[in-house]
Every structure is written in structure tokens, then in C-alpha cells.
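Student: Please take a close look at a single part of this model, the loop with the unusual backbone angle, and set it in its surroundings.

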Amino acid sequence: MPMAVGAIETLGFPAVLASADAMVKAAGVTIVYYGIAESGRMIVAVRGHVAEVQTAVAAGIVAGEEVYGGEVITHYIIPNPPENVETVLPIHFTSKSEPFRIF
């Protein structure tokens with residue numbers, strides 16, 4: 001089955017925490033990256049099957065917006081990213097994320 005990557009960028013930590021929590025609870029995805037994007041913006045990325053990532057990102061957007069003062073800046077889903085994208089961007093499974101891999 002094709003794998004996908006989904007990312008959500010929020011304003012502030014509480015919104016990204018709520019988004020990440022909602023994403024892993026809503027679908028069979030694994031967090032592969034989180035960090036600071038810039039100027040107080042945070043980003044979280046998940047991997048999984050395309051349908052699971054779509055469900056997870058939708059749930060993450062809702063959760064991020066519901067946090068007091070939370071704001072989802074942007075979100076994006078890349079179905080079946082090519083190998084050169086996985087090599088350059090931090091969206092691959094690592095030794096830290098591998099124990100939590102669902103599939």
C-alpha cells in the first residue's frame with residue numbers, strides 16, 4: 001500500500017501538542033518529525049497509509065484549532081513521496097520512531 005506523509009504547522013506549542021495527540025489517536029499513523037518551524041511556529045509530521053494520514057491530519061486540524069489561542073497555520077499531505085524527497089527531508093522512520101510504527 002502507498003505510504004503518505006502529512007504535516008501540520010501551528011502557532012505555539014499547545015496547538016501542536018493537541019494536533020499530534022489527535023492525529024495518533026484518530027488513525028494508524030506514526031509521528032516521524034516534530035520541531036520549531038520559525039517564530040513560535042511548530043510543526044509535526046506523521047507517516048502512514050494514505051487514507052490513515054488523511055484522517056489523522058483532518059483530526060489534527062480540528063484539535064489544533066480548538067486549543068485556546070491555537071491556530072493552524074498550514075497543513076499538507078504528500079501521498080507516496082518519492083525516494084529523493086525522503087532522503088532530503090526529515091520524514092523517514094528513525095530509530096526513535098520505529099518502535100511506535102503501526103504497520
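Tutor: What follows starts at the loop and works outward to the whole chain.

This is a predicted model, in which local features need pLDDT of at least 70 and side-chain atom pairs count only at pLDDT 80 or more, while totals for chains, interfaces and linings use all residues. Residues are numbered from 1 along each chain as its sequence is written, and side-chain values use heavy atoms, with hydrogens and water left out.

Ser39 lies in the loop between β2 (30–38) and β3 (41–49); helices (H or I, at least four residues) and strands (E, at least two) are DSSP runs, numbered from the N terminus. Its phi is positive, about 45 degrees, although Ser39 is not a glycine. Most residues other than glycine have a negative phi. Ser39 is exposed, with a relative accessible area of 68%; exposed means over 50%, buried under 20%, and partly exposed in between (1.4 Å probe, protein chains only).

The two strands on either side of this loop form a hairpin with two residues between them. β2 and β3 pair in the antiparallel sense over seven bridges, where pairing requires that DSSP finds at least two bridges between the strands. One of the bridge pairs joins Thr30 to Arg47 in β3. β3 also pairs with strand β1 (residues 3–11), in the antiparallel sense and over nine bridges. In that pairing, Met3 stands opposite His49 of β3.

The surroundings of the hairpin can be followed through the nonpolar cores. A nonpolar core is a set of buried Ala, Val, Leu, Ile, Met, Phe, Trp, Tyr and Cys residues joined through side-chain atoms within 4.5 Å. The largest has 14 residues, and Ile8, Met23, Val29, Val44, Val53, Ala56 and Val57 have the most contacts inside it. Two or more residues of this core come from each of β1, α1, β3 and α2 (50–66). A second, separate core of six residues includes Met3, Val32, Ala45 and Phe93. Met3 is thus named twice in this account, as a member of the second core and as the residue opposite His49.

Another loop invites comparison. Asn80, found between β4 (71–79) and α3 (83–88), has a positive phi near 50 degrees and is not a glycine. Asn80 also counts as exposed, at 52% relative accessibility.

For the wider setting, the chain has three helices and four strands, in the order β-α-β-β-α-β-α along the sequence. The radius of gyration of the chain is 13 Å, close to the 13 Å that the globule rule gives for 103 residues, so it is as compact as a globular protein of that length; the radius is taken over C-alpha atoms, and the rule is 2.2 Å times the number of residues to the power 0.38. Of the 103 residues, 37% count as buried. Among contacts (heavy atoms within 4.5 Å) between residues at least 6 apart in sequence, 73% join residues at least 24 apart.

The unreviewed UniProt entry carries the annotation "domain: BMC" for residues 4–90; UniProt positions are given in the numbering used here, feature names are shortened, and annotations may be inferred rather than shown by experiment. That span is 43% helix and 40% strand, and its end C-alpha atoms lie 13 Å apart.
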